[in-house]
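Me: I would like a close look at a single part of this model. Please start with one strand pair and then work outward.

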Protein chains: 2
Amino acid sequence: MTPTITAFEQSPDRGSGQARDMRVRWALEEVGQPYDVRLVSFSQMKEPAHRALHPFGQIPTYEEGDLALFESGAIVFHIAERHAGLLPDDANARARAITWMFAALSTLEPPILELQNAVVLERGESWHSQRLPMVEDRIRDRLGALSDRLADADWLDGAFSAGDLMMVGVLRRLHRSGLLNEYPNLAAYVARGEARPAFKRAFDAQLAVFTAASAG
Amino acid sequence: MTPTITAFEQSPDRGSGQARDMRVRWALEEVGQPYDVRLVSFSQMKEPAHRALHPFGQIPTYEEGDLALFESGAIVFHIAERHAGLLPDDANARARAITWMFAALSTLEPPILELQNAVVLERGESWHSQRLPMVEDRIRDRLGALSDRLADADWLDGAFSAGDLMMVGVLRRLHRSGLLNEYPNLAAYVARGEARPAFKRAFDAQLAVFTAASAG
């Protein structure tokens, strides 16, 4: 059964693939699962019909028969559990890959979201430029630890896994900030993820939505 | 095999059970799995021996034979996967319970952490009192949506699950802020979680560490 995901009708990031549908598209491409996309507008996202699928009025959602999920982490995990290629077979290695999924979302993403909030929602405040370095330092604290752990490895724990997919997906949100470039092994790690054929297919698919919208 | 978790040697919250070992203790109590605790000081947490277990120098960690995990979400999920009682048997219900685990950590906790950072790290800034309401409103946005979804149900999706455990664990971080009281059904939901015998056993165990440290 072909699953259906939701994505933004209009890209808030001009097609740079920062929205969370990108992580789900990437996972589906990695495992070779075709999917349908239903685009939703910002106003539709807040309406009861969409809220029934996603209580917080966001994207992505995932529908497959009578199963409806939200949260990119949960959806990627669901895909990874049901197809080969994103989680190791060995039980301990599998648990560690899942740990990196949670680390991406619980340890790396919160300070990155705080930076995003600062840049988007607090730019006009008189104290914005004074506060920004404090927020960036909280991200550096996490990036430094991650950089130390990754060292010169290609991926976080052996072969590429759903943990790397989520981590690269989260770290990509830092492209504009320039912070990644302070950690060359992390910049190379993200580039390695973005060079995967499945990533490229997913990226092109989300970009096509933006390109079509611009032309329309 | 009895697993060993790590927790703070000295409680930064004076035993109110806000630290993330509480979620793991609670999960272990729910499934009836005995566990050992190794206490670590704030300086030990940043040393290489602990960083080998937890790359970000935090607690909790989880060791079981040759398996070592970090991230409370990943540890609770590992426990839930290997014991009965925290995830439904039905595949779709199980996927939805996992979705609520991710929602707790990815959608609710980030703005709550932002509030915590504001209160702890930015209290001395001249703009602190001006910014605080903006941060609280970001939390209200999420709490309102969660309150609407929960409505008058006891738990988020049928029976109590690891999703509820993580959500209650995250929402408890708002006790001091008073924000929960603006959503009576969420306040009752958290109280329902805290009234569970397994929660109480876990809470008493983490409190005993603080009490012993105070008496020592």
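Which residue in β2(B) does Phe8(B) stand opposite?

Reply: Phe8(B) stands opposite Val40(B). This is a predicted model, and everything below should be read that way.

Start with the strands around that pair. Phe8(B) belongs to β1 of chain B, residues 4–8. Val40(B) lies in β2(B), which covers residues 36–40. The two strands run parallel and are joined by five bridges. Helix α1 of chain B, residues 21–31, completes the unit. Together, β1(B), α1(B) and β2(B) make a right-handed β-α-β unit.

Now widen the view to the sheet. Chain B has an open sheet of four strands, in the order β2-β1-β3-β4. Its pairing is mixed. The parallel part has just been described: β1(B) with β2(B). An antiparallel part is found where β3(B), residues 61–64, pairs with β4(B) over four bridges. There, Glu64(B) stands opposite Leu67(B). β2(B) and β4(B) are the edge strands, and each pairs on one side only. From one strand to the next, the twist averages 25 degrees. Strands of a sheet pair through backbone hydrogen bonds, in either a parallel or an antiparallel sense.

Chain A has a sheet to set beside this one. Four strands form an open sheet there, in the order β2-β1-β3-β4, with mixed pairing. β2(A), residues 36–40, and β4(A), residues 67–70, stand at the edges with a single partner strand each, so one side of each has no neighbour in the sheet. Neighbouring strands are turned by 25 degrees against each other on average, direction ignored. Within this sheet, β1(A), residues 4–8, runs antiparallel to β3(A), residues 61–64. Two bridges join them. Ile5(A) stands opposite Tyr62(A) in that pairing.

Next, the rest of chain A. The chain is divided into domain 1, residues 4–85 + 198–215, and domain 2, residues 91–196. Their centres, taken over C-alpha atoms, are 21 Å apart. Domain 1 gives 12 residues to the contact between them, and domain 2 gives 11. On the domain 1 side, α1(A), α4(A) and α9(A) each give two or more residues. The largest share there, five residues, comes from α1(A). By class, the domain 1 side has eight nonpolar, two polar and two charged residues.

Last, the two chains meet. In this contact, 32 residues of chain B touch 32 residues of chain A. On the chain B side, β4, α4, α5 and α6 each supply at least two residues. α5(B), residues 91–121, gives the largest share, 15 residues. The chain B side divides into 17 nonpolar, eight polar and seven charged residues.

One helix pair deserves its own look. α4(A) packs against α5(B) at an angle of about 140 degrees, with the axes 8 Å apart. Their crossing is right-handed. From α4(A) come Gly73(A), Ala74(A), Phe77(A) and His78(A). They meet Ala95(B), Ile98(B), Thr99(B), Phe102(B) and Ser106(B) of α5(B). By class, this contact has five nonpolar, four polar and no charged residues.

Terms used: Residues numbered from 1 in each chain as written. Chains lettered and ligands numbered in written order. Predicted model: local features only at pLDDT ≥ 70, side-chain atom pairs only at ≥ 80, totals over all residues. Contact = placed C-beta atoms within 7 Å. Nonpolar A, V, L, I, M, F, W, Y, C, P; charged D, E, K, R; others polar. Domains from an automatic or database assignment. Pairing = 2+ DSSP bridges. Right-handed = clockwise from strand over helix to strand, strands pointing away. Axes fitted to C-alpha atoms, helices over the stretch in contact; angles between N-to-C directions. Left-handed = near helix turned anticlockwise from the far one by under 90°.
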